[in-house]
Amino acid sequence: MTTWTMEGEINEGSVPLYYREVHQAISSRTDERVQIEVFQRLLNRTDLSINQQNQITDHIDHGSGFLSKVSFYKALTLIALAQQGKQPSPKLLENCIQEFPKPQLGEPKELQNLRMQPVQENPLLLSLTLTNLLGKDTIKVELIPKKKGLFLKHVEYQVTSQRFKISVYRRYSDFDIFHELLLQRYAYRMVPALPPKRVLKGVLASVSEREFIEGRRRGLGRFLNLVARHPFFSEDELVKTFLTFNGSDVQTKLRDAFKKMGDEFMTCRYATQAKEHLPSDIQSRFSVSRELIRNIHNSFQKLRDRAERMAERSKDNATDLLMFGKEISALGADASPVPVLDSSKSTWGDLRHSFRGLSAEFSLLAEKAAEQGRREEDDVVEKLNLFLDLLQSYRDLCERHEKGVLHEHQKALQKYSVMKRQMMSATVQPKEQVSVEQLESRIVQQENAIQTMELRNYFSLFCLHQESQLIFTYLPITSHILGAFVSSQVQGHREMGQVWNNLHSKLSGLFTGNNGLQSPPLTPK
């Protein structure tokens with residue numbers, strides 16, 4: 001292949017005006033070079049065959065993906081010659097370079113749309129990974145111990161943000177106000193629910209006050225972590241205020257911040273243009289996503305329930321092992337005299353004495369089982385609850401969309417229909433001019449209200465689509481949960497296995513009866 005690169009052969013002043021206008025139309029405003037992709041679009045506008053187009057491209061220097069101005073002028077010459085029925089070649093170009101035949105490309109102004117525009121990101125799409133989300137912040141919520149005990153009317157929490165490197169103190173009422181304002185500001189987003197303030201009658205009757213407060217602390221921690229990692233909430237002034245304000249009245253500070261902003265529809269630049277970015281089948285996509293996420297939610301609830309039962313069994317196992325060891329120890333501490341039987345010399349005294357040394361191993365087994373239960377609760381159950389909180393917030397959002405925006409829109413349309421019928425009746429039956437004008441004014445107001453409702457409906461769908469993406473971004477957390485589950489089981493069984501092996505060796509040397517008789521084998525056959 002021969003490439004034409006003789007850059008100095010064309011005199012700019014001799015180039016026809018049409019050539020210069022075409023170049024100006026499709027070159028960048030900041031760079032006189034022409035991108036090869038733009039030149040390909042220009043070629044596609046011609047009536048030349050694909051083979052001819054490829055030949056022209058091959059004969060023109062376009063290193064680094066660009067044509068220089070001179071190369072572009074030579075390319076226009078080759079296009080014109082090819083349109084005249086001549087075979088494009090460097091030799092032909094060399095013979096005709098001074099002629100500058102005019103290519104048939106249309107008006108230069110019509111070519112401006114071929115210019116390569118900067119790539120515009122689709123605002124509907126979220127380019128996020130689970131690592132991005134989890135790395136935004138980690139919030140710890142700790143219970144502040146009270147001198148008078150745990151069960152006070154006002155429980156205080158220490159909230160520590162890894163991102164802002166600060167600790168603040170909050171009461172449940174502060175969380176409540178924060179949640180309320182966040183829901184008002186982001187009505188079209190997944191705002192996680194707060195854990196209940198008090199023990200629910202009947203539902204949590206078997207849960208102690210201490211267990212309830214601990215469960216609520218965990219729930220508040222999950223709420224804050226989901227909020228602080230949300231791509232839109234994380235930079236909001238409400239969130240920053242709640243996590244960093246150290247003043248005496250955080251609730252007033254939060255309300256003041258909300259008054260300055262209003263809801264997301266009023267501040268998002270895409271709010272009134274949401275319809276333009278939505279795919280035509282958005283409703284069917286929403287239905288499919290909603291059904292799939294509902295099924296995922298149901299499955300994860302079952303997984304969480306099973307994981308909770310396993311964690312509880314580990315704790316129960318710890319209690320049983322501890323009590324088993326205490327009973328063994330109690331046997332060894334029994335100082336009751338042992339009667340001497342005629343048939344054989346009793347060995348109970350020796351056995352009883354041996355029991356005293358076993359309580360330590362059973363205490364250690366109980367400790368390891370309790371640690372296993374805590375790992376299962378912290379590393380598995382808690383992660384499952386975090387994801388379930390997110391899934392539930394999505395289902396709540398879908399319900400708000402249907403019962404809120406759609407319902408209000410339908411009510412507005414019905415009201416508008418009634419007004420239109422009244423207006424038609426007023427035109428048929430003569431009425432006072434004042435009442436007709438009032439009705440017309442009300443219709444205009446209702447039309448504006450409907451327009452706003454429609455814009456909010458599209459914006460709600462816009463946000464729903466983004467929140468659906470967020471759910472699927474979180475789905476790989478499943479591998480984190482399974483990994484934590486397997487790791488906890490491996491660690492637990494390894495640690496307890498070591499203690500059981502030590503106990504096994506100890507027992508082998510303890511229970512050797514008199515007359516050379518040994519206890520039943522300790523190792524299964």
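## Pockets, a cavity and a strand pairing

Helix 8 gives the most to the lining of the second largest pocket, with six residues. The model described here is predicted. Helix 8 spans residues 209-229, and together with strand 3, helix 15 (359-428) and helix 17 (477-510) it belongs to the elements that each supply at least two residues of this lining.

The second largest pocket holds about 500 Å³ of space. Its lining has 19 residues, of which Ile139, Arg222, Asn225, Asp378 and Glu382 are the closest to the centre. By residue type, the lining of this pocket divides into 10 charged, five nonpolar and four polar residues.

There is also enclosed space. Rolling a probe the size of a water molecule over the atoms shows where empty space is left. The count comes to one cavity of 30 Å³ or more, and the largest cavity contains about 40 Å³. Which residues line the largest cavity? They are Met190, Pro192, Leu226, His230, Phe233, Leu390, Leu470 and Tyr474. Seven residues of this lining are nonpolar, one is polar and none is charged.

Strand 3 also takes part in a pairing. Strand 3 covers residues 139-143 and runs antiparallel to strand 4, to which five bridges join it. Strand 4 in turn pairs with strand 5 (residues 166-171), again in the antiparallel sense. The table sets out the two pairings.

| Strand pair | Bridges | Sense | One bridge pair |
|---|---|---|---|
| Strand 3 and strand 4 | five bridges | antiparallel | glutamate 142 and glutamine 158 |
| Strand 4 and strand 5 | six bridges | antiparallel | serine 161 and isoleucine 166 |

Strand 4 and strand 5 form a hairpin with four residues between the strands, and in this hairpin lysine 165 takes a positive phi near 50°.

In a regular strand the side chains alternate between the two faces of the sheet. Strand 4, made up of residues 156-161, has a covered face with Tyr157, Val159 and Ser161. On the uncovered face of strand 4 are Glu156, Gln158 and Thr160. Ser161, on the covered face, is the residue whose bridge partner in strand 5 is isoleucine 166. Gln158, on the uncovered face, is the bridge partner of glutamate 142.

A last site lies in helix 3, residues 50-59, where threonine 57 has its place. Is threonine 57 buried or exposed? Its relative accessible area is 10%, under the 20% cut-off, so threonine 57 is buried. Leaving aside residues up to four places away in sequence, threonine 57 touches Ile36, Phe39, Gln40, Leu43 and His62.

Terms used: Residues are numbered from 1 along each chain as its sequence is written. This is a predicted model: local features need pLDDT of at least 70, side-chain atom pairs count only at pLDDT 80 or more; totals for chains, interfaces and linings use all residues. Side-chain values use heavy atoms; hydrogens and water are left out. On a 1 Å grid over the protein atoms alone, a cavity is a set of points where a 1.4 Å probe fits but cannot get out, and a pocket is an open set with protein on both sides within 12 Å along at least five of seven lines; lining residues have an atom within 4 Å of a point. Grid points are joined across faces, edges and corners, and a volume is the space filled by probe spheres set on the points. Ala, Val, Leu, Ile, Met, Phe, Trp, Tyr, Cys and Pro count as nonpolar, Asp, Glu, Lys and Arg as charged, and the others, Gly among them, as polar. Buried means under 20% relative accessible area, exposed over 50%, partly exposed in between (1.4 Å probe, protein chains only). Contact means heavy atoms within 4.5 Å. Two strands pair if DSSP finds at least two bridges between them.
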